[in-house]
Amino acid sequence: MKTIEQHLDETAEMIRELSKEVPNRRWVEPRGRTRSRVLVAVAAAALVLVAIGLPALFMTGDDPSDVADGAAPSQNTETTIATIATTLGDTVADSRPVDVEEPSAPEEMTLDGLLSVLPEGFELDSATPIFSGTGDPNEVATRYLEDRFPDALSLGVGVESSSASSSWLLLRWAWSSIEESGAAGYLVLLEHDGVVDVLAATTDGVDLSGLGLVDGRLSGTIATTNTVGGLGADVLDINGQPVAGSPYPEGVSPDSAFRWGTAGYSDQGPLAIDISPITEPVTVRVNLVGGTLLSISEVGFSPTG
Amino acid sequence: MTSDLEAGIEDHFTVSGLSFEFFYEQQRQPLIALAYAVSGSRIAAEDLAQEALVAAFEAWDEIRGKDNPGTWVRRILLNQAASAYRRKLIELRAVARHARDLPVAGFPEVTGEIDRIWGEVRRLPRRQVQMIALAHIDGLNQVEIADTLGISKESVNTHLRRARQTLARALNIEETT
């Protein structure tokens, strides 16, 4: 009779033999994964903040205690934030390698236009935050992007431009050095009492308006016309863990390691979600995937009553 | 008698200053086997190995002079495989590639004894899974396992013993000769 160690050794040998059937691939240096590009972008951003952002802040005459006291930022502060964000975006854009395609020009951002791709009933004053932080809204937005994109730092996703009202802020996010992407979108931020909430993230071409939470049932479809990657979605609790009933890829059994649903590419139809009961706040997080996470579309839902 | 594979691994636990291309050629296949053993994901095994090798490439200037770059890359792989988030990303990436009809090598289909034994291994606590895989897939001794995981040799000894006891009970197999 064989011992457990013998069983392990024999089956380990089988695994090693099977691994030989995985075809050999010659090493090809990954593009856009070198450190120098990141350092250039970081150095440029730091220089811009020091050379332009800080003097501009002092020139506005804003009282920093406004923020410390939790008051809404003045228009001058918002203008300064927008200036920093725009200049930062330009500087990062200028650091792109010459062989990288320029991303498409940012679409004109309007809140109404953005609401059309978010679930019906999404309202700024009652939306469930998907991320919160303190400090400059652009910094909070950057922290959000870094949290959601595993390759944010090495591939350079960031804020490109912004538009603000007295309370909300729209930020355009985009990749700065990922040539095949073109994925970009907006973040909706709300500032209150010194806290900046990210209320929603959108991606151009990805439509979340078909989703809804009614009587504890989260259902609907996520559609995309964006062809840069596969479409994946997850429904997460407040701890970031998939809730029971999270979508799974087609043809994959729920007991596999998969936790995401994916509809493949845009010509393979929308991704359906149907989960009930929803008794706690959840987040629907949607990504285009191709080589890495390419985009973020995200919105929260809270059951009422 | 030492197999070619064991000899290859041995080389990279002792040789420094090697070229990355050579390191890649020698390490890729053992890393795929290790990735499959700890993750159980046929579709993600190759990408897990590739991710670890890309990380090694990016840190090559730092790790090439180490006595054991093979230890470094295994630690990266095991951490990535243990991260549900990273694993999810890697798996979906493979699915996306599959959906686009790009070549998906993947790990060959696994059935029978491998499934039975290693399915049970993957039900163990994460550290024990890693130790069993390093001990049996890579053939590392307790000192090498301790070095790879950054823990003491005594801890490795204890965990390995418990892991084998648990497996023997679960699989109704004799523990030792």
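**Helix α7 of chain B and its neighbours**

Reader: Which hand does the crossing of α7(B) and α10(B) have?
Author: The crossing of α7(B) and α10(B) is right-handed, meaning that the near helix is turned clockwise from the far one by less than a right angle. This is a predicted model, where local features need pLDDT of at least 70, side-chain atom pairs count only at pLDDT 80 or more, and totals for chains, interfaces and linings use all residues. Residues are numbered from 1 along each chain as its sequence is written, chains are lettered from A and ligands numbered from 1 in the order in which they are written, and side-chain values use heavy atoms, without hydrogens and water.

Reader: Thanks! At what angle do α7(B) and α10(B) pack?
Author: About 130°, with the axes of α7 (residues 112-121) and α10 (residues 153-171) of chain B 10 Å apart. That makes the pair oblique, the class for angles that are not under 35 degrees, over 145 or 65 to 115.

Reader: And which residues meet there?
Author: From α7(B), R116(B), I117(B), E120(B) and V121(B) meet L167(B), A170(B) and L171(B) of α10(B); contact means heavy atoms within 4.5 Å. By class, this contact has five nonpolar, no polar and two charged residues.

Reader: What do the buried residues of α7(B) pack against?
Author: They pack against α1 (4-19) of chain A, plus α2 (20-39), α8 and α10 of chain B. Among these buried residues (under 20% relative accessible area, 1.4 Å probe, protein chains only) are I114(B), W118(B) and G119(B).

Reader: Switching topic: is Q128(B) buried or exposed?
Author: Q128(B) counts as buried because its relative accessibility is 8%. Q128(B) lies in α8 (residues 126-136) of chain B and touches H159(B), R162(B) and A163(B), leaving aside residues up to four places away in sequence.

Technical notes: Axes are lines fitted to C-alpha atoms, for helices over the stretch in contact, and angles run from 0 to 180 degrees between N-to-C directions. Helices (H or I, at least four residues) and strands (E, at least two) are DSSP runs, numbered from the N terminus. Ala, Val, Leu, Ile, Met, Phe, Trp, Tyr, Cys and Pro count as nonpolar, Asp, Glu, Lys and Arg as charged, and the others, Gly among them, as polar. Buried means under 20% relative accessible area, exposed over 50%, partly exposed in between (1.4 Å probe, protein chains only).
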